[in-house]
Amino acid sequence: MKNIDKAYLQIDPLLKSSREVKDSLSELKLLDRKCRYFYSKNKIDSLLKASENLEVKAIEYKDLYSVSMGNVYMAEAYSINQFYDKALYHLDIAYKTLEKDKSKNSKIFFAKANVLNSFANVYADKGEPRKAVKKLYQVIDSYNELDDPKQIKSFQYLNYSNIASLYLNYNIDSANYFAGKSVQLGTSENIDDKVMITNYQVFGKVNKVKKDYKKSLLYYHKALELTIKVGDQLNVNNLYKDIAELYKLTGKKDSAIIYENKLKQNEISELQSKYNSLHEVIAKDKKEDGKSETLNNIVLTVVITISVGLLIWSFVLIRKKRASKEEPHETYNKLLSLLKENDPSFMFAFENAYPDFSEKLRNINSGLSNSEIEFCAYLKLKLSTKEIAKITFIEPRTVQNKKHRIRKRLDIPSNSDIYNWFETI
């Protein structure tokens with residue numbers, strides 16, 4: 001719930017333990033978490049393997065819920081690769097499997113809702129948002145099967161956000177309305193979760209359409225900040241694209257380039273994952289029926305297309321990087337300019353210039369907050385106490401206190417010059 005990257009590192013050791021003590025429920029839950037991680041990270045090749053492992057183990061342990069979830073994750077992987085019929089086929093299996101469970105357990109209820117959400121995702125990927133919205137209304141209307149008011153509130157908090165993102169495709173007013181309803185149902189416990197990423201994106205798009213670019217950028221940056229915080233990569237490309245477009249519209253070309261480059265880097269990574277996953281599709285299809293030559297030929301054609309795409313993107317990115325190499329003083333001046341303009345893209349530009357900076361600091365103290373990292377960035381740029389106070393609109397004494405706190409947090413010796421110390425990071 002806090003950070004999926006940190007959570008993922010715990011999965012394999014826990015899986016080993018669960019198998020040693022023959023705890024099948026924990027094993028299935030962990031295999032499910034592994035699928036969720038790969039789905040959130042858009043690692044489709046890994047998702048296909050993980051979802052198949054989950055289904056195989058679930059069948060072995062006769063766990064209907066996990067059999068269903070294995071098929072849901074497979075469906076999402078097929079849908080991302082644009083094999084919509086296969087995606088819908090696996091979702092049908094998932095829903096029929098859950099209907100065999102007559103326990104009226106809330107876990108099964110939520111699983112059914114999850115399958116209907118996945119149906120909606122596939123229809124959205126197919127470019128049929130109205131069909132997707134119908135599926136989500138089916139989810140929203142099923143709330144009366146729940147008894148606990150807190151559960152109902154949490155359930156609809158997510159559903160209203162999902163339907164808002166679908167309405168963005170053809171009804172901007174409805175999108176704004178449902179995102180607003182979702183926010184109203186939010187609590188202090190979930191204000192920093194994945195649902196709010198979607199709501200911020202919706203508000204960003206709504207204000208973009210209304211040409212309130214300043215407000216739109218504010219919401220998109222909130223969504224991006226939260227995306228980085230929780231480690232979810234699902235919609236990050238859309239965020240990069242929208243933010244770059246907004247910076248172009250507002251005449252900030254340097255800021256636009258930062259996000260265009262981030263987008264291209266991500267797209268290359270995703271193309272590679274898709275390329276690998278399509279080989280998995282061929283292997284799985286042969287295993288399932290051994291005779292789908294038509295699908296195999298389609299997949300091979302797509303593989304070749306993606307391979308060419310990878311080469312082109314790599315070439316474009318290399319050229320961009322060569323073209324954008326700057327002298328240190330140019331980089332410094334651009335970063336300083338972004339700071340003075342209170343531009344939200346400052347930290348992205350800084351991390352472009354110093355890609356290992358945050359990681360090195362968190363290796364020293366993993367508990368550093370984003371605001372502390374940003375303060376450290378000011379020190380890396382050798383900004384004086386007065387300059388930091390002016391840029392951040394706080395008193396010089398407060399800046400000094402923050403410096404002292406950073407010293408303690410990073411174990412910087414009292415006899416070391418703090419600016420010299422940051423020069424080595």
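**Exercise 1. Find the residue just after H1 that takes a positive phi, and say whether it is buried or exposed.**

Step 1. Just after H1, Lys22 has a positive phi of about 55°. Helices here are DSSP runs of H or I with at least four residues, numbered from the N terminus.

Step 2. Lys22 is not a glycine. It sits in the loop between helix H1 (4-20) and helix H2 (24-40).

Step 3. Lys22 has a relative accessible area of 76%, so it is exposed. The cut-offs are under 20% for buried, over 50% for exposed, and partly exposed in between, with a 1.4 Å probe and protein chains only.

A note on the model: it is predicted, local features need pLDDT of at least 70, side-chain atom pairs count only at pLDDT 80 or more, and totals for chains, interfaces and linings use all residues. Residues are numbered from 1 along each chain as its sequence is written, and side-chain values use heavy atoms, with hydrogens and water left out.

**Exercise 2. Place Lys62 and classify its exposure.**

Step 1. Lys62 lies in the loop between helix H3 (44-61) and helix H4 (64-80).

Step 2. Its phi is positive, about 55°, and Lys62 is not a glycine.

Step 3. Lys62 counts as exposed because its relative accessibility is 75%.

**Exercise 3. Check the span of H1, then locate its kink and its cover.**

Step 1. The expected span is 1.5 Å times one less than the number of residues. For the 17 residues of H1 that gives 24 Å.

Step 2. The end C-alpha atoms of H1 are 25 Å apart, which agrees.

Step 3. H1 has a kink of about 30° at Ile11, shortly before the proline Pro13. The bend is the angle between axes fitted to the seven residues ending at a residue and the seven starting there.

Step 4. Ile4, Ile11, Leu15 and Ser18 are the buried residues of H1. Their cover includes H2, helix H10 (194-209) and helix H11 (213-230). Contact means heavy atoms within 4.5 Å.

**Exercise 4. Describe the largest nonpolar core and the contacts of Leu410.**

Step 1. A nonpolar core is a set of buried Ala, Val, Leu, Ile, Met, Phe, Trp, Tyr and Cys residues joined through side-chain atoms within 4.5 Å.

Step 2. The largest one has 115 residues. Tyr259, Phe346, Leu361, Leu410 and Phe422 touch the most other members. Helix H6 (residues 106-125) gives the most to this core, with 10 residues.

Step 3. Set aside neighbours within four places in sequence. Leu410 then contacts Leu361, Ile364, Asn365, Leu368, Cys376, Trp421 and Phe422.

Step 4. Cys376 has 0% relative accessibility, so it counts as buried.

Definitions and conventions: Helices (H or I, at least four residues) and strands (E, at least two) are DSSP runs, numbered from the N terminus.
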